[in-house]
Amino acid sequence: MSQFRKSLRGSQEEPRANGKSENVRFLINSHILHCGLRFNETNCHTHYIAKVAIFCFIVTYMLQVMELYWSKGDQEKLFECFSILSFCGMGVMKLVILRVYHQRWRFLLNQVSILENRHLDPGPLSYDSDNDNDDNEIVTFITKYTDKFKRTSSILIKMYASTLVIYVLSPFVEYIFRQFRGDLNIAYPHILPAWTPLDEFSVTGYLIMVSFETVACIYCVFVHVAFDLTCVGLMIFACGQFYLLRYRSERIGGKGRICRLLKSTEVRAHYRIVFCHGIHVLLVQLIEELDRLIKHILGVYFFLATLTLCSVAVRLKTEDMSITQLVNLLQYMCGTLTQLFLYCKYGDSVYNESSVNMGEGPFAAAIWVLSPKIRRELVILGAGMMRPHRLHAGPFNSLDLPSFIQIVRAAYSVYAVFGQK
């Protein structure tokens, strides 16, 4: 038993294969690799193509900042620059968080494999007793939350990809359309509202600027996808693991068919209590470490998202926009709301799934086949599992659905106020 406790505490061990070709860790790693990043044991390796993309991204972001500063006197241009700059700025922050804290992200991904391996291979002491072997149920639970993450990833990637394609192509489509209409006095189209000093020299300079903007847009979307799906994937995994832990703890006393005290039942129940406690400790460590990693950046994101949605509301009421500008604005607003909703929805799910109520988990175990000593251990386990764990966005907001509703209400209030003028 002491060896089993020691194995539960050894959370730094290398994860073992669990027989699944695509688990949550594999899917998250694939999204991070698409950014050109690889989390090694001692450093974060960056692919040379990713280095070129990062250079274009940073240069374009600095040019956007300069354009924002010079647009102080033009309200329409100011709102446009701020909306796009906030999205790109969050991309820069997410890239920094992924690169600087790569060891902490790698620790979280190791925890994912370790927790799944614990359930698939509980330990040297036989877990099959009282004819309640539940290996197939465990695999089913793991498959369910893995498939849920796959569906969420697919929806988010499709949304980002469609937004990227429309946003990149719409300036050129509008330029061609206006050329056909005979408007020949318009400037060359640009993807991002940034300072473009090379346009004044030659067509080659213009093509260089457009190339930088295109690469910056594509890589910014890749960074957002990688960071968002890493966070959302860990939240979905945590929810699935808490549900699995509740299922495990309900079977600490077996099925309760034999209504008398047996030594084998006592040994099995004590083992299962220790096992569930170890899983709960690892899950709490994962949630707390994830909260420390994303708390500050999501606090900034909530603030910028509120300002961005309010600026979109102002532009919808005060500006006369073309069709392409309106489409870009609406899809950008929908993308921001989707991002917020995903974080708040799964943050709320973590809060709800991380605690047990009366009649759940250890409090639903077959206590009539357990001795008073094992019952006390069961109550201690249940008391620890009753405490909910919450993810935060800054010092004032939590990742939950009420926070999402609060932001949407603030944006709608601004829209309603300007609608009365």
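**Figure 1. Arg-292 and its salt-bridge partner in helix H8 of the predicted model****.** Arg-292 is partly exposed, because its relative accessible area is 47%. In this predicted model, the side chain of Arg-292 forms a salt bridge with Glu-289, and the closest N and O atoms are 2.8 Å apart. Both residues belong to helix H8 (residues 263-318), where they lie three residues apart, about one turn of the helix. Glu-289 counts as buried, because its relative accessibility is 10%. Arg-104 joins Glu-289 and Arg-292 in a network of salt bridges.

**Figure 2. The salt bridge between Asp-228 and Lys-94****.** The two side chains meet at 2.8 Å, N to O. Asp-228 lies in helix H7 and Lys-94 in helix H4 (residues 75-100), so the pair ties together parts that are 134 residues apart in sequence. Both Asp-228 and Lys-94 are buried. Side chains of opposite charge can pair when their charged atoms come close. A search of the whole structure finds seven salt bridges.

**Figure 3. The salt bridge between Arg-390 and Asp-400****.** The closest N and O atoms of Arg-390 and Asp-400 are 2.9 Å apart. Arg-390 lies in the loop between helix H10 (372-385) and strand E3 (392-393), and Asp-400 in the loop between strand E4 (397-398) and helix H11 (401-419), so the pair ties together parts that are ten residues apart in sequence. Arg-390 is partly exposed, with a relative accessible area of 28%. Asp-400, in contrast, is buried, with a relative accessible area of 9%.

**Figure 4. A nonpolar surface patch that includes Tyr-69****.** Met-66, Tyr-69, Trp-70 and Trp-195 make a nonpolar patch of about 440 Å². Tyr-69 is placed in helix H3 (residues 48-70). Tyr-69 counts as exposed because its relative accessibility is 52%, and the cut-off for exposed is over 50%. For the protein as a whole, the accessible surface comes to about 20,600 Å², of which 61% belongs to carbon and sulfur atoms.

**Figure 5. The surroundings of Thr-196 in the loop between helices H6 and H7****.** Helix H6 spans residues 135-180, and helix H7 spans residues 203-249. Thr-196 counts as buried because its relative accessibility is 16%. Leaving aside residues up to four places away in sequence, Thr-196 touches His-190, Met-209 and Glu-213. Across the protein, buried residues make up 51% of the 421 residues.

**Figure 6. Two segments annotated as transmembrane regions****.** The unreviewed UniProt entry assigns the annotation "transmembrane region" to several segments, including residues 155-177 and 216-245. Over residues 155-177 the chain is 100% helix and 0% strand, with the end C-alpha atoms 31 Å apart. Residues 216-245 are likewise 100% helix and 0% strand, and their end C-alpha atoms are 43 Å apart. The protein has eleven helices and four strands in total.

**Figure 7. Confidence at the N-terminal residues and in helix H7****.** Over residues 1-20, pLDDT stays under 50, and the model has 42 contacts for them beyond four places in sequence. Confidence is lowest in helix H1 (residues 2-9), with a mean of 41, and highest in helix H7, with a mean of 91. Where pLDDT is low, the predicted coordinates should not be read in detail. The protein averages a pLDDT of 81, and 88% of the residues score at least 70.

Conventions:
Residues are numbered from 1 along each chain as its sequence is written. This is a predicted model: local features need pLDDT of at least 70, side-chain atom pairs count only at pLDDT 80 or more; totals for chains, interfaces and linings use all residues. Side-chain values use heavy atoms; hydrogens and water are left out. Helices (H or I, at least four residues) and strands (E, at least two) are DSSP runs, numbered from the N terminus. Buried means under 20% relative accessible area, exposed over 50%, partly exposed in between (1.4 Å probe, protein chains only). Accessible areas come from the Shrake-Rupley method with a 1.4 Å probe; for residues, only the protein chains shown count as cover. Patches are made of residues with over 30% relative accessible area and no salt bridge: like charges are joined within 9 Å, nonpolar side chains (Val, Leu, Ile, Met, Phe, Trp, Tyr) within 5 Å. A salt bridge is a side-chain nitrogen of Lys or Arg within 4 Å of a carboxyl oxygen of Asp or Glu. UniProt positions are given in the numbering used here, feature names are shortened, and annotations may be inferred rather than shown by experiment. pLDDT is the predictor's confidence in each residue, from 0 to 100. Contact means heavy atoms within 4.5 Å.
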